[in-house]
Amino acid sequence: MKYRDKDGRRRRQSTRFNANLPNETRKARALEAELTQAEFAEPKRAQEGRWDVWVRPYLDARYQNGATHRRCISIWSNVSRFLREKKIEQPSNIRREHGFEFLDWRQSPQPGLRKSMRKTALFEMRVLCFLMKEAIRRGFCTSNPMADPGVKRVASRKKRELTDEHLAMIEEAILLQPEPRRTLLHNSFLIARWQGCRINETWLDPMTAAELSGEGPTRRGLIHFCIKGGRRHTSPMAPQLMPLFDKLKAAGARETYARTMNGPEPTTSSEWHDFLRRSGLKHKIPGVTPHCLRVTTPPPVWLAPASACPRR
């Protein structure tokens, strides 16, 4: 019998049935019909496996709306551009060597795309790897060449601590920014500097996330953060932040700042990276990133027992 396999190649294969026996002849014809039906169904299956058909709906359904969803969509826009340039239309066309090509491509300047560090490119390869795993579950391919690309991981770069002079330079540059960017940068700067949290964790609802009690020297406060992984973390509030949250609560603000400057779904981190580049602070303070604020000021554990402020 003749049929076409999943790779599109024509095959000739013996059924190993005895042609002189009517019962085995029926089995041979049934097998040929089954393979023929699969041959006609394969083009439709290949169409369903195209990246542009299933990846975005899958990410929307898996993560819905949130920081992880926005990050995966941003990463997928970079990965899909590489796949289009290489004419890799579906998961079954991925080969192991494409991983090395992607690393070189992502770390090289591309028109309209900012080149990345090696660690960022490796993380984007991990996103492609878990998409390939989903493609296997859906039957679009049989193996995942991205599962073990043979690329050495890069150790995380140690963030530098900022001096008082550096902090003054950053605050001075923030005050020169127009509104509403100035409010975003200033409020997130104060919270990250004195609270020691991640820069994206500085966006919260003051009415529910901040608790203030007492008066004068005995005044105390708590901040409830939604930290990495969607977990909830409560930390004692630094005294330097109490005037800020008093002001926000008095105004009835439902957010510490408005995130409306850099596209429909911006992040505080992206606003900070743009600010550091535009203001020239990247050159004045080598190695500066928004995360430097987190490592400069430790969490204020002196306000409460260690059990009340667990390490993250």
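Visitor: In what order do the three strands of the open sheet lie, and how do they pair?
Guide: In this predicted model, the three strands make up an open sheet whose pairing is antiparallel. Strand 3 (210-213) and strand 5 (232-236) each pair on one side only, as edge strands do, and from one strand to the next the twist averages 15 degrees. The order of the strands is 3-4-5.

Visitor: Which residue of strand 4 is the bridge partner of glutamate 211?
Guide: Strand 3 and strand 4 (residues 220-226) run antiparallel and are joined by four bridges. One bridge pairs serine 213 with arginine 220, while in strand 4 the partner of glutamate 211 is leucine 222.

Visitor: Which glycine in the turn of the hairpin has a positive phi?
Guide: The hairpin is formed by strand 3 and strand 4, and six residues lie between the two strands. In that turn a phi of about 85 degrees, a positive value, belongs to glycine 214.

Visitor: At about what angle to strand 3 does helix 9 run?
Guide: Helix 9, which covers residues 242-250, lies across both strand 3 and strand 4. With respect to strand 3, the helix runs at about 105 degrees.

Visitor: Is leucine 204 buried or exposed?
Guide: Leucine 204 sits in the loop between helix 7 and helix 8 (206-209). Beyond its neighbours within four places in sequence, leucine 204 is in contact with residues including Ile223, His224, Phe225 and Phe245, and its C-alpha atom is separated by 8.5 Å from that of cysteine 226, 22 residues apart along the chain. The relative accessible area of leucine 204 is 10%, and since buried means under 20%, leucine 204 is buried.

Visitor: Does the span of helix 6, set against 1.5 Å a residue, agree or disagree with what is expected?
Guide: Helix 6 (residues 164-175) has 12 residues, and at 1.5 Å a residue these should span 16 Å. The C-alpha atoms at the ends of helix 6 are 17 Å apart, and so the span and the expected value agree.

Visitor: Which helices do the buried residues of helix 6 pack against?
Guide: The buried residues of helix 6 are His166, Leu167, Ile170, Ala173 and Ile174. Seen down the axis of helix 6, these residues fall within an arc of 130 degrees, so they line one face of the helix, whereas Asp164, Glu165 and Glu172, on the other side, are exposed. The partners against which the buried residues pack are helix 7 (181-195), helix 10 (268-278), helix 11 (281-284) and helix 12 (292-296).

Visitor: Which helices are among those that cover the buried residues of helix 3?
Guide: Helix 3 (residues 67-85) reaches 28 Å from its first C-alpha to its last, close to the 27 Å expected for its 19 residues at 1.5 Å a residue. Among its buried residues are His69, Cys72, Trp76 and Phe82, and helix 3 is followed by lysine 87, which has a positive phi near 60 degrees. What covers the buried residues includes helix 2 (51-63), helix 4 (97-106) and helix 5 (118-137).

Visitor: How many disulfides does a search of the whole structure find?
Guide: A disulfide is a covalent bond between the sulfur atoms of two cysteines. Cysteine 72 is buried, with a relative accessible area of 8%, and cysteine 129 is buried as well, at 11%. The number of disulfides that a search of the whole structure finds is zero.

Terms used:
Residues numbered from 1 in each chain as written. Predicted model: local features only at pLDDT ≥ 70, side-chain atom pairs only at ≥ 80, totals over all residues. Heavy atoms only, no water. Expected span 1.5 Å × (residues − 1). Buried < 20%, exposed > 50% of the residue type's maximum accessible area, 1.4 Å probe, protein only. Arc of directions from axis to C-beta. Contact = heavy atoms within 4.5 Å. Pairing = 2+ DSSP bridges. Axes fitted to C-alpha atoms, helices over the stretch in contact; angles between N-to-C directions. Disulfide = S-S within 2.5 Å.
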